[in-house]
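Me: Got a minute to walk through a structure with me? I'd like to get my bearings before going back to the bench.

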Amino acid sequence: PANIKAISHVMWAYICIRKINTTVAGLPMKFYQGYGDRKRQLESGDIIDMINRPNPNDTHRDLWVNTTGYLLAVGNAYWALDKVSKLTGLPVTGKSELYSLPAHQMEIVPGKNPGSGNYIDHYNYKLPSGGKVRYEPNEIVHFKEFNLDNQYYGLAPMTVEIGRAHV
């Protein structure tokens, strides 16, 4: 929210984020299954296909540029796993699709009893039109930076510096 506006006014912050996220997007990705001696590299499969071509509109590069960009700028990044696209209302043909959602438009609705495993009740994605799309916890992959003050939302690494730049 405030970070998005601040970053657009602080050119060095935008340049740094852009350099990092385009570099990450260009790295070769490797995926593994298992742990320790049982760990093996996956060469093919549905997850690799989905990461390489997340949805009809986005490429592998788009997915990683958006994910690292939001993570650095906002402290959070979200992937939505859609079997029936909640964003378009159209059924997905065949395999699931993956969407990087704008982190500043996501709302986490905490569970009523987090200690009992009901940590997150659901996520709301706020549409530009003012509506909301509800996602269940198993439909979202949430990447977040460490935040000492909030267990639900990450804290952007650049927040302190951006705040100092506007003092």
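Reply: Sure, here is a quick tour of a few spots, and keep in mind that this is a predicted model.

Me: Let's start with sheets. What's the strand order in the open sheet with 3 strands?

Reply: The order is β4-β3-β8, and the pairing is antiparallel.

Me: Which strands stand at the edges?

Reply: Those are β4 (97–101) and β8 (140–144). Each has a single partner strand, so one side of each is left without a neighbour in the sheet. On average, neighbouring strands here are turned by 20° against each other, ignoring direction.

Me: How many bridges join β3 to β8?

Reply: There are 5 bridges between β3 (residues 76–82) and β8. Looking at one spot along that pair, Trp79 stands opposite Val141 in β8.

Me: And which helix packs on that sheet?

Reply: That's α4 (residues 60–74), which touches β3, β4 and β8. The direction of α4 makes about 140° with that of β3.

Me: OK, switching to the hairpin. How many residues sit between β6 and β7?

Reply: The hairpin has 5 residues between the two strands. Gly130 is in the turn, with a positive phi of about 105°. The strands β6 (residues 120–126) and β7 run antiparallel, joined by 4 bridges.

Me: Which side chains of β7 are buried?

Reply: Val133 and Tyr135 are, and they point to one face. Lys132 and Arg134 point to the other face and are not buried. Across from Arg134, in the partner strand β6, you'll find Asn124.

Me: New topic: the surface. Which residues make the nonpolar patch?

Reply: Met11, Tyr14 and Ile15 make a patch of about 330 Å². Met11 is in helix α2 (residues 11–26).

Me: Why does Met11 count as exposed?

Reply: Because its relative accessible area is 52%, and exposed means over 50%.

Me: Last one, Gln151. Where is it?

Reply: Gln151 is in the loop between β8 and α5 (159–165). At 47% relative accessibility, Gln151 counts as partly exposed.

Me: Which residues does Gln151 touch, leaving out those up to four places away in sequence?

Reply: Gln151 touches Tyr119 and Lys144. Tyr119 is 32 residues away from Gln151 along the chain, and their C-alpha atoms are separated by 9.8 Å.

Note on methods:
Residues numbered from 1 in each chain as written. Predicted model: local features only at pLDDT ≥ 70, side-chain atom pairs only at ≥ 80, totals over all residues. Heavy atoms only, no water. Patch = residues over 30% accessible without salt bridge, like charges linked within 9 Å, V, L, I, M, F, W, Y side chains within 5 Å. Areas by Shrake-Rupley, 256 points an atom, 1.4 Å probe, with all protein chains shown as cover. Salt bridge = Lys/Arg side-chain N within 4 Å of Asp/Glu carboxyl O. Buried < 20%, exposed > 50% of the residue type's maximum accessible area, 1.4 Å probe, protein only. Pairing = 2+ DSSP bridges. Axes fitted to C-alpha atoms, helices over the stretch in contact; angles between N-to-C directions. Contact = heavy atoms within 4.5 Å.
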